[in-house]
2 protein chains.
Amino acid sequence: MSEAQEPQAQSVGHQIAEEIREMIVDGRLGADDRLPGEQELATRFGVSRPSVREALKRLAAQNLIRTRRGASGGNFVTRIGWQQAREQFEATATMLVVMGDIDPDALAEARLTLLSAIAPLAAERRLPEELAALKDEIALQESKVSDEDFCASDVRFYRILVEAGRNPLLSAQMASVIEAIQPLLNMIIYRARDRDTIAARHTKLLAALNAQDAPAMITVLRDLNDYTVSLVREAQDAREARQNTQGSN
Amino acid sequence: MSEAQEPQAQSVGHQIAEEIREMIVDGRLGADDRLPGEQELATRFGVSRPSVREALKRLAAQNLIRTRRGASGGNFVTRIGWQQAREQFEATATMLVVMGDIDPDALAEARLTLLSAIAPLAAERRLPEELAALKDEIALQESKVSDEDFCASDVRFYRILVEAGRNPLLSAQMASVIEAIQPLLNMIIYRARDRDTIAARHTKLLAALNAQDAPAMITVLRDLNDYTVSLVREAQDAREARQNTQGSN
DNA sequence: GAGTTTTAAATTGTCAAACAAATCCCCCTC
DNA sequence: GAGGGGGATTTGTTTGACAATTTAAAACTC
């Protein structure tokens, strides 16, 4: 007979947080607006102060509000910026990878697809500083650095490339994918030959970017992706073999 | 004289939440693991139960844990899925748009870039059901529906297209962009001629998808994007003009 | 009167204790 | 053996109080 079973499953804090979020989304609360004090919110919503606090903490966890103590303190609506958006994208993508519900092939495909998509924009808009920075990273990759540093440089290389596209939303999203794929890359043991191959293709990629030749960039990216995927697969096989050996001991 | 000013700025709840998050990221806590009870956590961290609760609520707000009441209840690490990841991407992208720190042109460019990127994948992998669903949406768009319904159908159209790419990470990210752009689209007043133009291009897009002709899809997408951008710009101009009129009254 | 110091007020942060609500498990009854 | 009831466990919510922090006004000194 009752009309609802699951709608009641959410706590008071959750409901209030959602209500305040609505107020932000539809404009009743604007950036840098101050929310009423905790006491007043409690009175207004008809709940206790801890419940209101719970709601505020939830919003703070989502970077929707920031809190300042003291007189004339309070809770203020945060103007979210690209930096924070990128961090949140990254946090979500990282969790997806950590939870293991992700197919490495799908992740690699996503990276390749996104990089290919931004290649034309980067080719058009790349700045001299970015070309120089990419060259520096290649030089670093050709030197004798640890696997970890090599991988980190690889990540930086792609981030610079993405930034060259000059589209903040795309940058934020792609950065999250590149960041998320790093744990996979970190499994790889780079042999000298691998490094040479990768650095050589990075050089080709840089040349294509310099020449503003997007199709050539995409060709190199595809090639590079195939190579990286094969290395990751090798590393995974080796890892599994090692685990089996340990397991049989 | 003190060595630190900002590191202390974070509350106990924030610190504990961060600590637990670390435990999840580096594997000490796996999916579906149960956290110790609030009491025990409070004892272990040397704080009170409300402080622990604050930390848990923060984590819950980020969908990192879920809570069940009762005996054998408690807080459990959530295995994040594609659905939730998409929701979080959407929430972030929506906030970016709402806060106004976004350039409509950059948003449109991001959408076009991402759709162009997924076009080859969709062309290769589209299923008959998806072709049929797209056809249905076009039929809806050709009928006399409200501006709002027309826009909603437009959004669904692109979501189906994105899903056809069969890459969950790309789907989640693109869905967030498509969702974020909807408020802009909702400003448009669609004249009959506009709708015909859009529906006709959707038909061309569907034909290209059916023929698995990705380059043709990209051409249509670019064309469609230019047209949509012009409509949005018109709507914005009209809106500004209206506001100026009201302001001078 | 100007500048500095002190004090007070407002606000969030933290804690403590208790009870309510939900859920599960065991036991008891039939 | 099956079903229901009660107790135990855990989170949800409230009340109350005090601490920490920041602002701003007030008072005090020069």
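In this predicted model, the surface near DNA strand D is made up of 12 polar, 5 nonpolar and 4 charged residues. Among the 21 residues around the strand, those that come nearest are A:V12, A:P50, A:S51 and A:G70, together with B:A71. Two or more residues of this surface are given by each of three elements, namely α1 (12-25) and α3 (49-61) of chain A and β2 (74-77) of chain B. Of the elements that face DNA strand D, α3(A) provides the largest share, with 3 residues.

The relation between the two protein copies was examined by superposition. A turn of 180°, combined with a shift of 0.1 Å along the axis, lays chain B on chain A with an RMSD of 0.3 Å. The two copies are therefore related as by a two-fold rotation axis.

At the interface between the copies, 39 residues of chain B are in contact with 39 residues of chain A. On the side of chain B that touches chain A, at least two residues are supplied by each of α1 (12-25), α3 (49-61), α4 (82-98), α5 (104-125) and α8 (168-186) of chain B. The element that gives the most to this side is α5(B), with 10 residues. The side of chain B that touches chain A comprises 23 nonpolar residues, along with 10 polar and 6 charged ones. Because 100% of the interface residues of chain B are also interface residues in chain A, the copies meet through the same surface.

Conventions
Residues numbered from 1 in each chain as written. Chains lettered and ligands numbered in written order. Predicted model: local features only at pLDDT ≥ 70, side-chain atom pairs only at ≥ 80, totals over all residues. Near = placed C-beta within 6 Å. Helix = DSSP H or I, 4+ residues; strand = E, 2+ residues; numbered from the N terminus. Nonpolar A, V, L, I, M, F, W, Y, C, P; charged D, E, K, R; others polar. Least-squares fit on C-alpha atoms with pLDDT ≥ 70 in both. Contact = placed C-beta atoms within 7 Å.
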